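Thank you for making time this morning. I would like to walk you through a few backbone details and one sheet, so please keep the model open while I speak.

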Amino acid sequence: MATHAADHGRTGQPAPTRDPAQALKDIEAFGLCIVPGVLAADKLARVRDALYRAASEDRARGWEQKFRLDYAHDDTNQRVWNLLSRDPVFTDLVEHDVALDLVKSVIGWPALLGNISANITGPGGGEMVLHADQIFVPEPWPAAPQGVNVAWCIDDFTDETGATRVVPGSHRRNRSPTAEEATTASVAVEAPAGSFIVMESRVWHKTGHNRTTDRRRAGIFAWYTRPIYRQQENWFLSLNPAIRQFASDPMLVLLGYRTQGLGMVNGKSPA
Amino acid sequence: MDLEAKKHQLLEEGCCVVPGILTRAETDDVRQRLWRAAEESERRGVPTRRIGIDPNEHNVRVFHLLELDAVFRALIQNPVAIDFVTALLGPDFLISNFTANIALPGSRSMKLHSDQGIVVPEPWFHPWSINVIWCLDDIDAENGATRYIPGSHRIRWQSEVPENAAERTVPFEAPAGSIAVMDGRVWHTSGANVSPSRERALLFGYYSRSFIRPQQNWNACLSDTTVAGLSAQMRAWLGLDARANVKLAEPLRILDTAASTANP
């Protein structure tokens with residue numbers, strides 16, 4: 001793991017921090033922060049088992065769905081969608097207080113959960129297209145980020161295993177990269193399993209190239225937006241009803257069932 | 001009717017009135033069905049007055065028009081209405097809401113706003129929403145015509161809103177059976193109904209770009225029976241399925257080659 005201070009000086013990316021104030025400063029300065037050691041070993045193992053079980057099931061059943069920004073002919077990388085409906089343990093990530101506090105600081109509250117999906121790189125797996133997550137907002141963009149992505153490292157994120165690559169500071173350009181900028185120099189965001197990486201929605205990033213011959217690298221991406229945007233996953237169509245039934249108050253807000261102004265039913269919030 | 005000229009007016013002034021979409025008999029029928037829908041709404045426990053957005057009880061608001069009567073499901077997808085929506089927003093839109101606001105004598109004005117500006121942060125360079133307003137009565141300044149500032153769809157930043165904005169508004173006048181079409185960026189307010197006895201029934205068909213969250217949660221509020229009767233096109237426009245919020249990513253083609261910029 002190349003996470004020592006000297007390396008950060010070279011790459012211009014932030015050092016891992018457990019201090020929320022520093023994490024927010026990092027998001028402002030770099031467009032991202034790294035928060036290590038959030039999931040204890042037993043919790044991490046529980047989440048990891050649930051994720052790889054769902055991934056295996058999808059692969060065995062031919063349920064895998066490609067993502068437009070991925071390498072098209074890649075049979076080793078894998079996406080797993082709508083994790084909330086696969087195992088209730090993923091709700092713990094969505095509303096984890098350390099992550100959610102940062103989300104609230106970056107985009108305010110109420111916020112919506114656009115999606116929570118996994119991106120598992122496999123041996124030899126190719127890169128994604130460089131992009132900013134708020135790509136769906138027509139430019140010119142508002143002054144503030146419209147979303148935030150919390151990337152949970154379920155395996156160690158290393159350069160070799162295809163850690164997410166970012167262009168630190170690119171959020172300040174406040175626009176998507178052009179086609180010519182797709183090859184802009186990027187750095188691998190390395191972090192041990194159990195960490196999370198927060199990327200505000202304007203920072204340019206992509207999945208890295210997995211250069212190993214035998215290792216997979218799972219990341220779970222919880223994507224939050226300001227409440228005016230349509231969610232990426234249509235929860236009202238696809239969510240396991242038990243998740244809604246037992247949802248906490250913040251989770252009802254994030255899913256869009258407890259709402260103000262938009263997403264109403266007969267002029268009232270549906271929950 | 002020269003619809004192209006009306007579309008030009010919509011793009012230039014932010015608003016246009018297209019008369020004669022409904023005949024007098026059709027308008028009377030829709031108005032009757034609207035009052036029945038209001039009663040049905042109350043019967044189902046969804047109040048229609050004093051719901052918190054009007055200054056007093058003289059406005060009747062009916063929310064679930066699409067669920068309550070097939071005539072409203074027809075109006076929201078009326079070809080002329082869709083033509084204007086597409087002219088402004090392009091084909092990538094969702095039906096955000098369809099509600100009624102009947103202003104009875106004594107109803108008062110709302111605060112000046114743009115529908116887009118109260119929801120999405122500045123700057124407002126492009127139209128992200130549109131109102132198609134069905135006029136079920138003759139509408140004029142006396143019975144509470146919507147007042148708007150012509151050309152105000154060009155306001156891109158809050159700082160460009162003129163200080164005397166409220167004084168610059170003009171009422172739109174339209175005979176019953178018209179639609180008034182308004183860019184979501186136009187600054188406007190509901191007018192006060194100062195007439196002694198005239199009602200002013202308007203239906204607001206609101207459409208927004210597909211990345212914007214619709215005002216109404218159609219998945220949660222339409223009954224199975226209603227959904228079963230919808231065309232594939234209506235399901236798409238209501239966002240009932242796994243669709244929308246994807247158009248801007250489409251120019252990004254799926255990568256044909258396995259790239260690597262990782263540092264060895």
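**Loops of chain A and a sheet of chain B**

I will begin with A:N82, which sits in the chain A loop that runs between β2 (78-80) and α4 (89-94), where helices (H or I, at least four residues) and strands (E, at least two) are DSSP runs, numbered from the N terminus. Before going further, I should say that this is a predicted model, in which local features need pLDDT of at least 70 and side-chain atom pairs count only at pLDDT 80 or more, while totals for chains, interfaces and linings use all residues. Residues are numbered from 1 along each chain as its sequence is written, and chains are lettered from A and ligands numbered from 1 in the order in which they are written.

The phi angle of A:N82 is near 50°, a positive value in a residue other than glycine. Is this residue buried or exposed? A:N82 counts as partly exposed because it has 19 C-beta neighbours inside 10 Å; by definition, a residue with 20 or more other C-beta atoms within 10 Å of its own is buried, one with 12 or fewer is exposed, and one in between is partly exposed, with C-beta atoms placed from the backbone.

A:N174, in the loop between β5 (165-166) and β6 (187-188) of chain A, likewise has a positive phi, near 55°, and is not a glycine. With 16 C-beta neighbours inside 10 Å, A:N174 counts as partly exposed.

Next come the cis peptide bonds. One joins A:W109 and A:P110, with omega about 5°, and A:P110 lies in the loop between α5 (97-107) and β3 (112-121) of chain A. Another joins A:E139 and A:P140, again with omega about 5°, and A:P140 belongs to the loop between β3 and β4 (147-153) of chain A.

Turning to chain B, six strands form an open antiparallel sheet in the order β1-β8-β5-β10-β3-β2, two strands being paired if DSSP finds at least two bridges between them. Its edge strands, each pairing on one side only, are β1 (15-18) and β2 (59-62) of chain B. The twist from one strand to the next averages 20°, with axes taken as lines fitted to C-alpha atoms, for helices over the stretch in contact, and angles running from 0 to 180 degrees between N-to-C directions.

β1(B) pairs with β8 (residues 179-183) of chain B in the antiparallel sense over four bridges, and within that pairing B:C16 has B:V181 as its bridge partner.
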